[in-house]
Amino acid sequence: MTTGTAAETAARLEAELDKYPDEQGEILFEAARAWRQAGDDDRAVALLTQAVALGGEEGGNARVELAELLFDLGRADEAQARLDELRSEQLPSSMPYHLAAELLEHRGELQQALAWFDLAVARLSEEELADRNTEFGFFTLANNVLTGRRRVRRALGLPPDEQDESVQGPSDPVRAAAPPAPPGEVRVLFWPRDEIPRAHEAWPHLVQHADADTIVADREADNRELSETGVARILMVPLTVAKLREFATRTGGDPAAEDTRLACMNEVFEEGGALSWPPARNEPCWCGSGAKYKKCCGRPNLS
């Protein structure tokens, strides 16, 4: 059954393809997702196939998205063929291989997932690996890839290796050449509650679901872990879909790229948009619910 709102959104997005030629990949992704929500899986497949033809990292990401859709449609042989094409393409970027690994992990195909995580690790640049030694090391692509690899290896019952032991976590000290300084200020980029569905619709490979309650609760739990490590000050920097798109257009960046989002975060921070965490108990919650912090994310038993 076709739902009018999703179909209208998809048609509007397709109409923007000629208007914004530099954003074709992103538009095709969004339009395909909207068509699928509207019940037109064939159109979604066609648009993702167009995105694959763009080539490069964008095309590689589209192959994974297309494979996921084909798996969901019960067309497993076609889905596997799309992944085989990605493997043979030998792209230098880690991201498509990381996405493929997570897709196979989600499907319970752990041996295949581990092979794809290894492919993703092999494509991490020295700069990306070095980024793990920064203040935001546990948020980096390299750390996410290595975390996923470790997670699958644990599920397979494999003993930890050197790469597993290098994984950063919120409670891990930053690895640096100099002796670690006392924890200072940490800036945390986050999607306010009402932006989570929009972000999920725009970039489903980054915001993988629209369950705002779960995402917000996880962020609060991570903040508490950071605080327990001795971080003196946590500043929450809200990000909106409109702001990220505007920033990416203005700077020529890719909104799906980690460096673009961090640069956008710094701009929001410089404009005075940061929130100190935790708020006072009777102040509005940081998540944007409108409730007092003590009655929202500040509840002691929040899990």
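Two strands count as paired if DSSP finds at least two bridges between them, and strands (E, at least two residues) and helices (H or I, at least four) are DSSP runs numbered from the N terminus. In these terms, M236 has L275 in strand 3 as its bridge partner. The model is a predicted one, with local features needing pLDDT of at least 70 and side-chain atom pairs counting only at pLDDT 80 or more, while totals for chains, interfaces and linings use all residues. Numbering runs from 1 along each chain as its sequence is written, and side-chain values use heavy atoms, with hydrogens and water left out.

Now for the sheet. It is open, built from three strands in the order 1-2-3, with mixed pairing. Strand 1 (185–190) and strand 3 (275–277) sit at the edges with a single partner strand each, so each has one side without a neighbour in the sheet. From one strand to the next, the twist averages 35 degrees. Strand 2 (residues 233–238) pairs with strand 3 in the antiparallel sense, over three bridges. Helix 12 (residues 212–228) packs on this sheet and touches strand 1, strand 2 and strand 3, its direction making about 155 degrees with that of strand 2. Contact here means heavy atoms within 4.5 Å; axes are lines fitted to C-alpha atoms (for helices, over the stretch in contact), and angles run from 0 to 180 degrees between N-to-C directions. Helix 14 (residues 258–270) also packs on the sheet, touching strand 1 and strand 2, at about 110 degrees to the direction of strand 1.

On to the nonpolar cores, which are sets of buried Ala, Val, Leu, Ile, Met, Phe, Trp, Tyr and Cys residues joined through side-chain atoms within 4.5 Å. Buried means under 20% relative accessible area, exposed over 50%, and partly exposed in between (1.4 Å probe, protein chains only). The largest core has 51 residues, and W35, L83, L86, Y97, W116 and V145 have the most contacts inside it. Apart from it lies another core of 30 residues, including I234 and C285.

W116 counts as buried, at 1% relative accessibility, and so does Y97, at 0%. Aromatic rings of Phe, Tyr and Trp (its six-membered ring) pair if their centres lie within 6.5 Å, with planes under 30 degrees apart counting as stacked, over 60 as edge-to-face and the rest as tilted. There are three such pairs. The Y97 and W116 ring centres are 5.7 Å apart and the planes stand at 25 degrees, so this pair is stacked. It links distant parts of the chain, from Y97 in helix 6 to W116 in helix 7, 19 residues apart.
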